[in-house]
Amino acid sequence: MNPSDEILDIVDENDVVVGQAPRGEATARGLRHRCVFIEARDAEGRVFVHRRTASKLVFPSHYDMFVGGVVGAGESYDEAALREAEEELGVSGLPRPEPLFKFLYEDGRHAWWSSVYRVRCELPVNPQAEEVAWHTFLDDAELERRLGDWLWVPDGLDCYRRLRAFRETA
């Protein structure tokens, strides 16, 4: 199936389902839907960082410090988090990602309710070639240094800042 044909739940400002639409239409029309962000760390505690492929529908060729994606119609955030993490990392048998918090991402063109998770991936990764053009694991200090150097997905950067604030208050 073409990713733009995937059916998504369209949600209101309170994350209540109000309809459904194909992903391509939701993106083109800026319809609010659901996404998951999963921070994946290896056995040494380093963060999985990758550059998205040039064929991605949203933010092609941008760097991201999260794996994740859209929540399909009728799918729960938790189900989507495990599915997306295993797909993008190219592994199976991951522990269930731990939910951290939710927020509404809006940038004027895009809007999605976002559920943030973390997972430890101690398995060798084999990222999905259709999703990931390049990848590595970076420690927190190196990731911070790269924030000003690389072109990051805006929603991931926003999520990263919220995650840092969340950790400071936890």
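Helices, of at least four residues, and strands, of at least two, are DSSP runs numbered from the N terminus. The model described here is predicted.

**The largest pocket**

Strand E6 (67-70) and helix H2 (77-89) each contribute at least two residues to the lining of the largest pocket, and H2 gives the most, with four residues. The volume of this pocket is about 340 Å³. Among its 20 lining residues, Pro 3, Glu 6, Arg 23, Lys 56 and Glu 131 lie closest to the centre. The lining comprises nine charged, seven polar and four nonpolar residues.

**Salt bridges**

The structure contains 19 salt bridges, including the three pairs below.

| Pair | Closest N to O distance |
|---|---|
| Glu 6 and Arg 23 | 3.3 Å |
| Glu 131 and Lys 56 | 2.4 Å |
| Glu 75 and Arg 83 | 2.8 Å |

Glu 131 lies in the loop between strands E8 (111-120) and E9 (132-138), and Lys 56 in the loop between E4 and strand E5 (63-64), so this pair ties together parts 75 residues apart in sequence. Glu 131 and Lys 56 are both buried, as are Glu 6 and Arg 23. Glu 75 is buried, with a relative accessible area of 16%, whereas Arg 83, at 25%, is partly exposed. In addition, a network of salt bridges links Glu 39, Arg 41, Asp 140 and Arg 167.

**A buried arginine**

Arg 52 belongs to strand E4 (residues 47-52). Arg 52 is buried but has no salt bridge, because the nearest side chain of opposite charge, Asp 64, is 4.5 Å away, and a salt bridge requires the atoms to be within 4 Å. A polar atom of the Arg 52 side chain lies 2.5 Å from the backbone oxygen of Val 58, and one lies 3.1 Å from the backbone oxygen of Phe 59.

Key. Residues numbered from 1 in each chain as written. Predicted model: local features only at pLDDT ≥ 70, side-chain atom pairs only at ≥ 80, totals over all residues. Heavy atoms only, no water. 1 Å grid on protein atoms, 1.4 Å probe; cavity = no way out; pocket = protein on both sides within 12 Å on 5 of 7 lines; lining within 4 Å. Points joined across faces, edges and corners; volume = space filled by probe spheres on them. Nonpolar A, V, L, I, M, F, W, Y, C, P; charged D, E, K, R; others polar. Buried < 20%, exposed > 50% of the residue type's maximum accessible area, 1.4 Å probe, protein only. Lys, Arg positive; Asp, Glu negative; His and termini not counted. Polar contact = N/O pair within 3.5 Å; in protein donor to acceptor, adjacent residues only side chain to side chain.
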